[in-house]
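Work through the exercises below with the model open. Try each task before reading its solution.

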Amino acid sequence: MKIRKSELILYRSFNEDVFEKMVNAANTYDSGDCDREALINDIYHCINEIVSIARDHGFEGNLWHGYLTYLLTTNENAFSMSCEKQGAIEGSLNDLALHDLEIFREAYAFDWKTVEKVLHVRFLGLISAYEGVDKHGVVYSRSLRDRIDQLNGLLSQASSAEEMYLALTSFYKDYGVGKYGLHRAFKLMEFKQGETCIMPITKTEKVSLSDIVGYDIQKQKLVDNTRAFVEGRRANNALLYGDSGTGKSTSIKAILNEFYKDGLRMIEIYKHQFKNISDVIAQIKNRNYKFILYMDDLSFEEFEIEYKFLKAVIEGGLETKPDNVLIYATSNRRHLIRETWADRKQNADDVHGADSVQEKLSLATRFGVSIYYGKPSQKEYINIAQTLAKRYGIAMSEEDIAKEAVKWEMSHGGLSGRTAQQFINYLAGKVPDEV
């Protein structure tokens, strides 16, 4: 049986050559004029690549099936991108997709043991019954990996292209496709050619809003704004400002985990990358996700002009910011751009001094939602420490926790949630007899 890769229409462009080499081996291994040595070399190369992909993505069992499922869930094409977060669609794309899925069904059914016997390739049969050593390399959440395993079973056992279509479009609806479907957080990579690439962050902090003790009003404002955004209603860019260590960044990370299942994705952008924001928006504006451009610890000195790029994107440029993009930022400064007392005075060489002040204030005013995170009082700080101690199972009385927490903050950064967390980490890391 041959695998008709050359007839693929939608699913034909892949980032690596594993599929092409494996198909070539499957189609030519029994040919009298094939280059057996080259085929064997290609097969070993592909086994190496497939095992690496299996470890990174948690596949077990038949790795050939897992690899094909990996291709179908990561390949961004006209059909898969139309189905992401939408599900099955109508139109001619369906006919093209069914055509390709029939070819993939042939690939799922191919028996590699025959190739192993003919070419005398050792260990090829292992890709049919692979057992993973551990899950440390898995970059997906447990729920997503389980869903991919389920999809893998449905696709490999499907009796028709139509069955494969139903299973695949259901997965696209729930999770999406490609890097945006299978990951929740991203960063920018810049190449020498000037190209800006949005790369997945494979390991993100698993925090929730309940992990942050207190700040209930602040958290609710952020949740309400984000929920409106993911539900397609009007929402504002948000600035979380205030004292250091009060949970601003943690709140935004928790928001991502809270709304990831609803199609929320987050791209972290640093100050020196603001010139690339327009390029980033161009890459994501037509995708069926909601994107937050996340800027942590945002502030500018007087001589830094990168904020002008940000101002134009938020509000003021000719091109309208797409509805699927918001900007969330954290800062210790309310007004973001450093001000001096000299700014309050009329400089001799500045005819319109008030305009200069307004220029520095204009960036912060373009965030429709501003949420203040102030440092806790000593009573609130002690409550945070006591609450965290219970979560971590610290075997100390509340009175002792309070007494030691106060001692800790006096020499470790002052009153803040971060200081309380560091204190609890210290206690949790001690030998039990020392606590």
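**Exercise 1. A strand and its cover**

Task: How many of the residues of strand S5 (residues 290-295) are buried, and which point one way and which the other?

Solution. This is a predicted model. Start with the cover: six of the six residues of S5 are buried, and the strand is mostly covered. Next, sort the side chains. Lys-290, Ile-292 and Tyr-294 point one way. Phe-291, Leu-293 and Met-295 point the other way. Both sets are buried.

**Exercise 2. The neighbours of S5**

Task: Find which strands pair with S5, and in what sense.

Solution. Take strand S4 (residues 264-268) to begin with. Five bridges link S4 and S5, in the parallel sense. One residue to check is Ile-267, whose bridge partner in S5 is Leu-293. Now trace the connection: from S4 the chain passes through helix H12 (residues 277-284) to reach S5. This β-α-β crossover is right-handed.

Then turn to strand S6 (residues 325-331). S5 and S6 run parallel and are joined by five bridges. Here Phe-291 has Val-325 in S6 as its bridge partner.

**Exercise 3. One face of a helix**

Task: Locate the buried residues Trp-112, Val-115 and Leu-119 in helix H6 (residues 112-119), and explain how they are arranged.

Solution. Begin with the list: Trp-112, Val-115 and Leu-119 of H6 are buried. Look down the axis of H6: its buried residues fall within an arc of 50°, so they line one face of the helix. The spacing rule helps here. An α-helix has 3.6 residues a turn, so residues three or four places apart point the same way. Last, ask what covers the buried residues of H6. The cover includes helix H1 (18-28), helix H2 (36-57) and helix H3 (63-74).

**Exercise 4. Two cysteines**

Task: Decide whether Cys-34 is buried or exposed, and do likewise for Cys-83.

Solution. The cut-off for buried is under 20% relative accessible area. Cys-34 has a value of 19%, so Cys-34 counts as buried. Cys-83 has 0%, so Cys-83 is buried too. As for disulfides, the structure holds zero.

**Exercise 5. The whole chain**

Task: Summarise the protein chain by its secondary structure, burial, contacts and surface.

Solution. Count the elements: 17 helices and seven strands. Then burial: 47% of the 435 residues are buried. For contacts between residues at least 6 apart in sequence, 77% join residues at least 24 apart. Finally, the accessible surface is about 22100 Å², with 49% belonging to carbon and sulfur atoms.

Terms used
Residues numbered from 1 in each chain as written. Predicted model: local features only at pLDDT ≥ 70, side-chain atom pairs only at ≥ 80, totals over all residues. Heavy atoms only, no water. Buried < 20%, exposed > 50% of the residue type's maximum accessible area, 1.4 Å probe, protein only. Helix = DSSP H or I, 4+ residues; strand = E, 2+ residues; numbered from the N terminus. Pairing = 2+ DSSP bridges. Right-handed = clockwise from strand over helix to strand, strands pointing away. Contact = heavy atoms within 4.5 Å. Areas by Shrake-Rupley, 256 points an atom, 1.4 Å probe, with all protein chains shown as cover. Disulfide = S-S within 2.5 Å. Arc of directions from axis to C-beta.
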